[in-house]
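Biologist: Before we use any label for this chain, I would like to hear the reasoning behind it. Could you take me through the labels one at a time?

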Amino acid sequence: MSLPENFNPLALDNQLCFALYVCSKEIIRKYQPLLEPLNLTYTMYITLMGLWERDEVTVKDLGKRLFLDSGTLTPLLKKMETQNLITRNRSKTDERTVFIKLTEEGRSLKEKCQKIPMEVACCNLVDMEKGKALLDCLHQMMTNLNKED
């Protein structure tokens with residue numbers, strides 16, 4: 001594929017990363033009014049989704065799943081523990097390993113969050129077929145970006 005003669009590689013409108021950044025930021029903003037009544041941030045919400053899929057995981061495994069480093073994840077988990085959504089327990093065999101487990105309150109939020117994805121999807125301007133194709137493309141990008149060298 002050749003680029004147009006007048007292509008400006010430094011124009012914001014020509015940056016995939018900028019378009020992804022803006023879309024991500026604006027989609028997350030759509031979640032705020034839905035999550036605020038549950039006293040959740042978007043990052044707490046995706047953490048819960050990860051734990052609803054697989055509970056009782058290590059901080060390291062949860063961080064990998066969410067693409068979050070421990071500097072971001074540790075304070076988040078402390079806040080979630082304070083809100084009684086999770087427990088953090090050190091491994092009896094290796095004190096460096098911390099396991100995260102949902103509390104009953106954390107598990108019960110799953111029911112309250114069931115409609116959130118569809119409510120946010122209704123805000124999107126992409127039809128379901130294009131949305132699925134975009135999601136597939138983004139998953140492929142995530143895989144490519146995280147390949148071990």
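Modeller: Let us begin with the aromatic residues, where Tyr-31, Tyr-42 and Tyr-45 form one cluster; please keep in mind throughout that this is a predicted model.

Biologist: What makes Tyr-42 and Tyr-45 a pair, and what kind of pair is it?

Modeller: Ring centres have to lie within 6.5 Å for a pair, and those of Tyr-42 and Tyr-45 are 6.2 Å apart. Their planes make an angle of 50 degrees, and since stacked requires under 30 degrees and edge-to-face over 60, the pair is therefore called tilted. Both residues belong to helix α2, which covers residues 42–53, and they are three residues apart, about one turn of the helix.

Biologist: How do you know whether Tyr-45 is buried or exposed, and what is Tyr-42 called?

Modeller: Buried means under 20% relative accessible area and exposed means over 50%. Tyr-45 has a value of 1%, so it is buried, whereas Tyr-42, with 27%, falls in between and is therefore partly exposed.

Biologist: How many aromatic pairs does the rule give, and why is the one formed by Phe-18 and Tyr-21 called what it is?

Modeller: The count is four aromatic pairs. In the case of Phe-18 and Tyr-21, the ring centres are 6.4 Å apart, which the limit of 6.5 Å admits, and the planes stand at 35 degrees, which is neither under 30 nor over 60, so this pair is tilted. Phe-18 and Tyr-21 both sit in helix α1, residues 16–35, three residues apart and about one turn of the helix from each other. Phe-18 has a relative accessible area of 32%, and so it counts as partly exposed.

Biologist: What is notable about phi at Glu-56 and at Asn-84?

Modeller: Glu-56 has a positive phi of about 55 degrees although it is not a glycine, and Asn-84, likewise a residue other than glycine, has a positive phi near 60 degrees. Glu-56 is placed in the loop between α2 and β1, while Asn-84 is found in the loop between α4 and β2. With relative accessible areas of 48% for Glu-56 and 39% for Asn-84, each value lies between 20% and 50%, so both residues are partly exposed.

Biologist: Why is Thr-58 counted as buried, and which residues does it touch?

Modeller: The relative accessibility of Thr-58 is 14%, under the 20% cut-off, and therefore this residue of strand β1 counts as buried. Leaving aside residues up to four places away in sequence, Thr-58 touches Thr-97, Val-98 and Phe-99.

Biologist: Turning to the whole chain, which elements does it have, and in what order do they run?

Modeller: The chain has seven helices and three strands, and from the N terminus the order is α-α-β-α-α-β-β-α-α-α. Its radius of gyration is 19 Å, well over the 15 Å that the globule rule gives for 149 residues, so the chain is more spread out than a compact globule. The C-alpha trace spans about 65 × 40 × 25 Å along its principal axes, and buried residues make up 23% of the 149 residues.

Biologist: What share of the contacts joins residues at least 24 apart?

Modeller: Among contacts between residues at least 6 apart in sequence, that share is 54%.

Technical notes. Residues are numbered from 1 along each chain as its sequence is written. This is a predicted model: local features need pLDDT of at least 70, side-chain atom pairs count only at pLDDT 80 or more; totals for chains, interfaces and linings use all residues. Side-chain values use heavy atoms; hydrogens and water are left out. Helices (H or I, at least four residues) and strands (E, at least two) are DSSP runs, numbered from the N terminus. The radius of gyration is taken over C-alpha atoms; the globule rule is 2.2 Å times the number of residues to the power 0.38. Buried means under 20% relative accessible area, exposed over 50%, partly exposed in between (1.4 Å probe, protein chains only). Contact means heavy atoms within 4.5 Å. Rings of Phe, Tyr and Trp (its six-membered ring) pair if their centres lie within 6.5 Å; planes under 30 degrees apart count as stacked, over 60 as edge-to-face and the rest as tilted.
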